[in-house]
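Reader: Could you walk me through this structure and tell me what stands behind each label? I like to see the value next to the cut-off.

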Amino acid sequence: MYNNSKVAKAIRLAMMFGAAATASVATNAFSAEEAVEEDVERIEVTGSRIKRADMEGANPVQVITREDLVASGISNMGDILQEIPSVAGAATNTAINNGGSGAIRVSLRGLGSPRTLVLLNGRRMVASGTGANSSVDLSTIPTAIVKRVEVLKDGASAIYGSDAIGGVVNIITRDDFEGFELNAGYDIGTEESDGETKSFDFTIGFSGDKGNAVINAYYVEQGAQWSGDRDWSMFEDDMNWETAELDKGGSSAPPWGRYNGIPGECGSRTHGAGSGPGQSDPSDFSNPNGYDCWDWDKDTYNYAPANYHLTPQERYGIFASGSYEINDYVRVFTELSFNRRTSDTKLAPLPLAPLAFFGFSAPYSADNYYNQQFGPKDGDGNSVDIADWRRRMVETGGRDSRFRIETVRTMIGIDGEFDNGWGYELSYIFGANDSATAGAGGVNFEKVALAVGPSFMDDEGNVVCGTADEPIAGCVSLNTFGVPGTDTEVSQEMMDYITFEAHDFGSNEQQILSASVFGDAFELPAGTVGVAFGLEHREEKGADYPDALIALGITSGSSRTSTEGSYEVDEAFIEANLPLLNGVTGAQSLEMDLAVRYSDYNTFGDTTNHKIGIKWVPFDGLLIRGTSSTAFRAPSTSDLFAGTSDNSPSVVDPCSTNPTSFCIADGVPAAGFVPIGDQLSSTLGGNVDTQPEEADIFTAGVVYSPDFVDGLSLTLDYWDIEITNAITTVGEQLILDKCAQEGTFCDQITRYGPDSGSLYGNSSDIDNRTTNVGGVDSSGYDFNIRYTTDLEIGTLTLNMDTTYYDKYEITQADGSVVVNNGRFERNSGDGNFPEWKTNIDARLSTDDWSATWAIRYIGAVDETFANVDPEDVSLVHSSFTTTAVHVDGVLDSYDVDREIDEQIIHDVRFTYFMDNMSATVGLNNVFDEEPPYAATGFNDNTDPRTYNTTGRHVYVSFGLSF
């Protein structure tokens with residue numbers, strides 16, 4: 001219907017080359033010299049429900065084409081989207097082992113995945129993950145079925161409702177595919193031959209006069225990478241603020257044991273294996289010289305090699321879509337999908353330190369048989385009760401978790417067009433997500449307490465828990481004083497008694513019923529007014545059921561209680577496109593978009609959001625656009641109903657070294673205390689009184705395609721997003737800081753009392769549950785340059801996408817502002833915000849082959865990695881910067897900052913096309929660029945949410961089609 005129109009050519013080029021090409025060609029398509037053909041097919045573009053012929057509207061939309069998806073060699077939609085410059089922050093991916101589940105999420109503008117709306121063919125998808133989730137796991141979408149991805153980099157609550165604050169990712173499927181297609185791919189690391197990925201998919205499409213059907217099935221398997229196989233991740237590297245060198249850190253719970261507070265030659269200092277192997281050999285657990293004073297240079301345990309660096313997973317599923325035209329007025333359409341993902345994570349063996357790490361009192365009894373026989377002694381040679389004891393349980397083989405997640409979605413609807421040209425659509429969506437998680441390697445602390453309690457050897461030579469008068473049936477006494485790998489190690493019988501396998505279950509469910517009508521309302525002098533309006537009803541449910549022992553809080557797993565809840569929303573919306581001027585001097589065209597949406601929730605009440613957009617073409621080749629809108633995010637099921645859960649943030653308690661009067665009033669000894677470590681325990685949870693967060697959003701942009709340079713387009717867009725009443729938490733670090741500085745939030749800190757020995761004054765828990773507080777103010781620029789020209793050898797296409805983060809400021813609960821742009825703020829959970837991110841592609845193609853060189857640039861950022869006393873500031877190395885921290889106008893300390901280096905990744909690929917076949921070979925990370933060191937990085941001494949960490953990879957893929 002549109003084969004011969006210039007608009008159709010613009011659309012096809014946009015599908016092939018991306019949003020920038022659309023900007024340049026589509027603008028020219030509506031020049032005064034050539035009128036648009038009457039029979040041009042109208043399409044719905046992300047950011048509007050009004051069907052129109054021109055893809056380029058008032059909203060900034062980036063298009064990722066199918067050609068881009070195939071050429072990347074990436075088998076996961078989430079990994080592809082995380083590479084675009086407009087993504088930042090702390091979205092998760094498969095390189096997140098500690099704290100990950102195999103899910104991949106995207107965070108546009110760095111505002112967090114719950115503020116990025118993900119659509120499938122313009123319709124919502126069910127949240128997915130381990131249960132009661134707030135966003136979509138993009139690994140549930142097979143790349144093989146994707147025609148293109150439209151990324152709307154603007155707020156869109158007036159169009160789509162909640163969550164569309166940072167933007168919208170709309171995945172468009174190949175519903176018009178005809179024929180048969182088979183694809184197979186293989187990817188493997190070139191250095192360590194690990195992390196291999198195998199993929200296989202096939203697609204069948206049928207078409208007739210009345211309708212069509214497309215069916216796709218796929219399978220993907222991703223292998224593991226180990227932290228110990230990379231030089232930059234095989235140790236915990238701690239930055240020394242005096243020498244600017246890396247010190248090898250480790251855990252204070254080693255396999256050879258640490259037993260604190262033993263009186264004797266070292267006073268009440270720590271006893272351990274004085275000649276322990278420390279960092280020299282992570283597999284050497286011997287302690288030949290017995291127990292002596294603890295030596296931090298020798299006796300910390302290197303846990304890093306025992307962790308996954310890239311988590312393995314297996315995914316498979318099926319996707320089907322179809323439509324059938326019943327008559328001239330009714331067409332039935334449907335989508336069906338099923339996805340199953342199995343993912344594994346592996347953490348180092350459990351640090352069995354009941355009191356110090358988990359706040360559970362399980363003292364090693366002086367009357368325990370193994371303590372008496374093998375444990376450390378006081379100055380008189382007597383066994384003693386040991387309140388704070390620590391032992392790495394390497395005999396368990398590690399803490400293994402397996403996630404089994406299944407997601408189903410079905411959509412059915414009818415649409416059609418009346419004789420007057422108006423169209424309608426009715427649809428129903430059901431989506432459900434079900435998960436089961438099995439976790440091994442943890443312990444039951446109630447059983448541990450019995451196992452390290454009094455025990456004795458009976459007449460038959462068996463060690464029995466309890467006393468001779470009151471033995472404890474079924475209990476197995478624990479011996480942590482032996483050497484792993486020898487006959488003195490913790491026995492299987494001992495492990496079987498104290499360990500357990502956790503079984504968690506979770507779910508998400510979504511139902512949507514929607515109806516809309518759209519068409520040409522009336523004529524204005526400049527053209528036809530397009531209108532769309534409709535109603536929508538949506539129900540969301542979420543649940544998370546932890547293992548019963550975890551819910552009781554008596555295990556080494558992060559304790560949490562059950563989550564279960566639901567909400568409903570009824571919405572009405574209307575949208576209009578008004579042509580104001582057309583074909584006059586200074587305005588080839590001038591259009592205004594108006595939209596408003598009313599949302600009524602059964603949880604907090606109602607909210608109304610609007611959007612105004614302007615698209616102005618002053619002359620051929622120049623487009624000026626802008627939008628002003630409001631947006632919101634309703635509290636999710638987890639925000640509202642999440643049960644309490646344990647967290648272990650990396651924070652610093654200022655009361656430890658410089659206790660103020662507020663600290664002392666809160667239970668801190670006047671002399672301060674020795675911190676447990678850099679990770680403290682906190683409690684998270686939902687809040688049924690949580691209100692929606694709100695946003696004011698403004699964008700402005702210009703698209704220029706100069707007549708004097710054929711094939712060149714330049715795009716510049718500015719955005720400003722201001723979020724208020726944010727759904728968040730106060731933050732553990734802020735709670736600790738403000739308690740010490742002002743005496744506020746002290747009631748949210750629980751501390752160890754005087755009877756807790758060396759733990760006296762330390763925080764045992766920080767209450768950090770969900771609330772509405774503070775906000776985010778973010779602004780920046782997106783810049784695109786695209787140039788296409790025909791050479792003798794083929795068509796050359798150059799493309800550069802750049803995002804500059806001018807401002808990213810978080811207003812905290814106390815009104816203070818934290819500047820995140822140009823910084824890595826892992827401790828706060830906000831993530832990584834390089835001021836500059838750029839993607840550059842150079843592609844040379846013919847009818848027979850295509851070659852591409854791609855460059856990804858991630859700019860340098862600063863991080864605060866230490867806090868020093870004023871008297872020590874002169875010792876800070878000159879390569880670092882210091883910032884004075886004042887409390888009530890008095891100098892309190894200095895923050896020490898360092899720069900995290902930039903990362904530049906080069907990828908190259910070559911594709912050869914045959915009649916019905918194609919073959920691609922590619923090399924990702926050509927120069928094997930390592931991720932930059934981050935002193936505050938929690939995983940592998942870096943930030944795997946931002947940087948490429950998998951090393952150099954080669955991949956091949958083959959396609960066959962008929």
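**Values and cut-offs**

Author: Gladly, and helix α14 makes a good start: its buried residues are E732, L734, I735, L736, K738, C739, A740 and Q741. This is a predicted model, in which local features need pLDDT of at least 70 and side-chain atom pairs count only at pLDDT 80 or more, while totals for chains, interfaces and linings use all residues. Residues are numbered from 1 along each chain as its sequence is written, and side-chain values use heavy atoms, with hydrogens and water left out.

Reader: What makes α14 a mostly covered helix?

Author: Buried means under 20% relative accessible area (exposed is over 50%, partly exposed in between, with a 1.4 Å probe and protein chains only). In α14, residues 732-742, 8 of the 11 residues are buried. Helices here are DSSP runs of H or I with at least four residues, and strands are runs of E with at least two, numbered from the N terminus.

Reader: Which elements do the buried residues of α14 pack against?

Author: They pack against β30 (645-647), α13 (661-665), β31 (682-684), β35 (749-751), β36 (763-766) and β46 (881-887). Contact means heavy atoms within 4.5 Å. After α14 comes G743, with a positive phi near 80°.

Reader: Why is the link of C739 and C746 called a right-handed disulfide?

Author: A disulfide is a pair of cysteine sulfur atoms within 2.5 Å, and C739 and C746 have an S to S distance of 2.1 Å. The torsion about their S-S bond is about 105°, so the disulfide is right-handed. C739 has a relative accessible area of 0% and is therefore buried; C746, at 12%, counts as buried too.

Reader: How many disulfides does a search of the whole structure find?

Author: The search finds 3. Another of them joins C465 to C475, again with S to S 2.1 Å. C465 lies in strand β23 (residues 463-465) and C475 in the loop between β23 and α10, 10 residues apart. Here the S-S torsion is about -65°, so this disulfide is left-handed. C655 and C663 form a disulfide as well, their sulfur atoms 1.9 Å apart, and with -75° about the S-S bond that link is left-handed.

Reader: How do you know that C465 and C475 count as buried?

Author: C465 has 0% relative accessibility, so it counts as buried. C475 has 10%, so it counts as buried as well.

Reader: What makes β21 and β24 a pair of strands?

Author: Two strands pair if DSSP finds at least two bridges between them. β21 (residues 423-443) and β24 (residues 499-524) are joined by 19 bridges and run antiparallel; T437 has D504 in β24 as its bridge partner. β24 also pairs with β25 (residues 527-545) in the antiparallel sense over 19 bridges. A hairpin of 2 residues joins β24 to β25, and S514 stands opposite E536 in β25.

Reader: Which residues touch the most other members of the largest nonpolar core?

Author: A nonpolar core is a set of buried Ala, Val, Leu, Ile, Met, Phe, Trp, Tyr and Cys residues joined through side-chain atoms within 4.5 Å. Of the 27 residues in the largest one, L352, W389, V448, L478 and I498 touch the most other members. α10 (492-498) gives the most to this core, with 4 residues.

Reader: How confident is the predictor overall?

Author: pLDDT is its confidence in each residue, from 0 to 100. The chain averages 89, and 91% of the residues score at least 70. Over residues 267-280, pLDDT stays under 50.
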